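The exercises below are meant to be worked with the sequence and the model open side by side. Please try each task before reading the solution that follows it.

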Amino acid sequence: MTEVRIPLHQLRSRPLTVPEGAAVQDALQRPLRDLRISVTDRCNFRCTYCMPKSVFGPGHRFLPQADLLSFEEITRTARAFVGLGVRKLRITGGEPLLRRELPTLVRQLAGLRTPEGLPLDLTLTTNGTLLRQHAAALAEAGLQRVSVSLDAMDDAVFRRMNDMDVGVAEVLEGIAAAQQAGLGPIKVNAVVQRGVNEQELLPLARHFRHRGIVLRFIEFMDVGASNGWRLDDVVPSAVLRERLHAAHPLHALDPSEPGETAERWAYDDGAGEVGFISSVSQAFCGQCNRARLSTDGRLFTCLFGHQGLDLRRWLRDGQTDDATLRAHIAGHWAQRSDRYSALRLADTPEAEWLRATQRVEMSYIGG
Ligand code: SAM
Ligand code: SF4
Ligand code: SF4
């Protein structure tokens, strides 16, 4: 029998004292630049690829209120990350707009500064249904941009995918409200699943062309343990891009920043930009500079993590100072060797172990 060596375990990390403002690198020399903060594990959708009703039904136990990090705890943690190199904060979930008083958190995060005294890039990912209500207050509180998820223009397809009978119009109204509030440039993300919504490629592209909105197609991923993922369900970005190019010719653009997940393309006729996120067919682990903070204060260094480092115990013990909190995060990042997507299909014992290990759900750590 092959001996399966378990990869370096996350929870073996030791605190690493670094001066504030010194960028930390992981075991594969990747810096820490981007922090995604999940503010709730709840959602008003039950997207079949993310929170299927069979798992997230009426009997599902979401986190109790007391387990959630408070806004002050989130902001303190974010400040520690900024001291280690983070320059981009993304608020996510679950559906982040379900968290009460969210503009208060936005205001606190918008007040953070880099060691050079600059504001951070502050964005939010949402399914868009509550944007009509909240866009103006979020912008006023200092949110810069939003990404909105929309998987189809066809109402019946979209209702089936969100499984809560929410129509496309509601999301489009949310996008319009965000545009009006100045939360742009807006990105719209569409997860593509073979046999479910791949026929929505052109309707989505045609709707968002000429509107100053960047549409991005995301390959369906095997996140969590609930969505019944099969490789056959993935339509590779290259296939989608060829189909789009045949109808609306495209040319490639340079990445706008290191570690960017989307390949950027532009329409030859000047209708704007479109992106492809090839998380399965072309893993981008080599450049991955993203950390994730779960709703209850665990630090995950990979979307496909199975265990996070509990930061909440230090936030709540009444004795851990900011430098020590930073040292715990730095030590954890320094030993990071995650590269799940690069290993996903590999025929090695490590890849086999990773595939077999229970992963946390995306609604809990945030997309
Ligand atoms: N509820 C918000 C939303 O839908 O935008 C924020 C959280 S959601 C987990 C973040 C992003 O993850 C969404 O764009 C969603 O489409 C994407 N996502 C969820 N499950 C996915 C999967 N299995 N494969 C690829 N993307 C997925
Ligand atoms: Fe909710 Fe977003 Fe997951 Fe859909 S993708 S179930 S909207 S968290
Ligand atoms: Fe980053 Fe993990 Fe995704 Fe690779 S699989 S890009 S390491 S989050």
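## Exercise 1: The second largest pocket

Task: Find how many residues line the second largest pocket and which of them lie nearest its centre.

Solution: In this predicted model, the second largest pocket is lined by 19 residues, and those nearest its centre are Pro255, Glu260, Thr261, Ala262 and Glu263. As a next step, take the volume, which comes to about 260 Å³. Then ask which element gives the most to this lining: that is strand 8, residues 263-267, with three residues. Finally, sort the lining by class, which yields nine nonpolar, five polar and five charged residues.

## Exercise 2: The enclosed spaces

Task: State how many cavities of 30 Å³ or more a search of the whole structure finds, and describe the lining of the second largest cavity.

Solution: The search finds three cavities of that size, and the second largest cavity holds about 40 Å³ of space. Its lining is made up of Ala205, Phe208, Arg209, Ile213, Leu215, Tyr267, Ala271, Gly272 and Glu273. Sorted by class, these residues divide into six nonpolar, one polar and two charged.

## Exercise 3: The order of the sheet

Task: Write down the order of the strands in the open sheet, and explain why one side of strand 7 and of strand 12 is left without a neighbour in the sheet.

Solution: Begin with the order, which is 7-8-9-6-5-4-3-2-1-10-11-12 for the twelve strands, with mixed pairing. Strand 7 (250-252) and strand 12 (309-310) stand at the edges and each has a single partner strand, so one side of each has no neighbour in the sheet.

## Exercise 4: Strand 3 and its neighbours

Task: Decide whether strand 3 is largely enclosed or open, and give the reason; then identify how strand 3 is joined to strand 2 and to strand 4.

Solution: For the first step, count buried residues, taking under 20% relative accessible area as the cut-off. Five of the six residues of strand 3 (residues 121-126) are buried, so the strand is largely enclosed by the rest of the structure.

For the second step, turn to the partners. Strand 2 (residues 88-92) runs parallel to strand 3 and is joined to it by four bridges, with Lys88 standing opposite Asp121. Strand 4 (residues 145-149) also pairs with strand 3 in the parallel sense over four bridges, and here Thr125 stands opposite Ser147.

For the third step, follow the connections between these strands. Strand 2, helix 2 (residues 102-110) and strand 3 make a right-handed β-α-β unit, and strand 3, helix 3 (residues 131-141) and strand 4 make a right-handed β-α-β unit as well.

## Exercise 5: From strand 5 to strand 8

Task: Trace the pairings from strand 5 to strand 6, from strand 6 to strand 9, and from strand 9 to strand 8, giving the sense of each.

Solution: Strand 5 (residues 187-192) pairs with strand 6 (residues 214-219) in the parallel sense over six bridges, and Val188 stands opposite Leu215. Leu215 is also one of the residues that line the second largest cavity.

Strand 6 pairs in turn with strand 9 in the parallel sense, over four bridges, where Phe217 stands opposite Phe276. Strand 9 (residues 273-277) is mostly covered, with four of its five residues buried.

The sense is antiparallel between strand 8 and strand 9, which are joined by four bridges; the bridge partner of Ala266 is Glu273. The hairpin of these two strands has five residues between them, and in it Gly270 takes a positive phi near 85°.

## Exercise 6: The surroundings of two ligands

Task: List the residues around ligand 2, name those that come nearest to ligand 3, and sort each shell by class.

Solution: Around ligand 2 are Cys43, Phe45, Cys47, Cys50, Met51, Gly94 and Asn127, a shell of five nonpolar, two polar and no charged residues.

Ligand 3 has 13 residues around it, of which Cys285, Cys288, Cys302, Leu303 and Ser341 come nearest. Strand 10 (290-293) and helix 10 (340-343) are the elements that give two or more residues to this shell. By class, the shell around ligand 3 divides into seven nonpolar, one polar and five charged residues.

Methods: Residues numbered from 1 in each chain as written. Chains lettered and ligands numbered in written order. Predicted model: local features only at pLDDT ≥ 70, side-chain atom pairs only at ≥ 80, totals over all residues. Heavy atoms only, no water. Near = heavy atom within 4 Å. Nonpolar A, V, L, I, M, F, W, Y, C, P; charged D, E, K, R; others polar. 1 Å grid on protein atoms, 1.4 Å probe; cavity = no way out; pocket = protein on both sides within 12 Å on 5 of 7 lines; lining within 4 Å. Points joined across faces, edges and corners; volume = space filled by probe spheres on them. Buried < 20%, exposed > 50% of the residue type's maximum accessible area, 1.4 Å probe, protein only. Pairing = 2+ DSSP bridges. Right-handed = clockwise from strand over helix to strand, strands pointing away.
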